[in-house]
Amino acid sequence: GNIVVTSGLSGLFPKGLLLGVVKNVEKTDRGLFQKIDVAPFVDFSKLEEVMVIVLDKTDRIGKSRRLNQ
């Protein structure tokens, strides 16, 4: 039931964007790592528009475009 949000550490996405809710957690044999299943907050069947972020290798801020343009 934990909420998953973006950390902002990569610099690609701002801190605090809501992504989803943890539905299942499985421990793995890889030390500290765990496998989690996340139910997204977004109902993808109801999306009308999305924003695509195109990252230029020289520009860490990126540029955005609407898909319907």
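## A hairpin, a three-stranded sheet and a pocket

Strand 2 and strand 3 make a hairpin with six residues between them, and Gly31 in the turn has a positive phi of about 65 degrees. Strands here are DSSP runs (E, at least two residues), numbered from the N terminus.

A word on the ground rules. This is a predicted model, where local features need pLDDT of at least 70, side-chain atom pairs count only at pLDDT 80 or more, and totals for chains, interfaces and linings use all residues. Residues are numbered from 1 along each chain as its sequence is written, and side-chain values use heavy atoms, with hydrogens and water left out.

Back to the hairpin: it belongs to an open sheet of three strands, order 1-2-3, with antiparallel pairing. Strand 1 (3-5) and strand 3 (34-40) are the edge strands, each pairing on one side only. From one strand to the next, the twist averages 50 degrees (axes are lines fitted to C-alpha atoms, and angles run from 0 to 180 degrees between N-to-C directions). Two strands count as paired if DSSP finds at least two bridges between them. Strand 1 and strand 2 (residues 18-27) are joined by three bridges, while strand 2 and strand 3 share seven. Here are some of the facing residues:

| Residue | Stands opposite | Strand of the partner |
|---|---|---|
| Ile3 | Val21 | strand 2 |
| Val5 | Leu18 | strand 2 |
| Val25 | Ile36 | strand 3 |
| Lys27 | Gln34 | strand 3 |

Now the largest pocket, which holds about 300 Å³ of space. A pocket is an open set of points on a 1 Å grid over the protein atoms alone, where a 1.4 Å probe fits, with protein on both sides within 12 Å along at least five of seven lines; lining residues have an atom within 4 Å of a point. The volume is the space filled by probe spheres set on the points, which are joined across faces, edges and corners. Among the lining residues are Leu18, Phe41, Phe44 and Met51. The lining divides into eleven nonpolar residues, one polar and no charged (Ala, Val, Leu, Ile, Met, Phe, Trp, Tyr, Cys and Pro count as nonpolar, Asp, Glu, Lys and Arg as charged, the others, Gly among them, as polar).

As for confidence, the chain's mean pLDDT (the predictor's confidence in each residue, from 0 to 100) is 81, and 78% of its residues reach 70 or more.

Definitions and conventions. Helix = DSSP H or I, 4+ residues; strand = E, 2+ residues; numbered from the N terminus.
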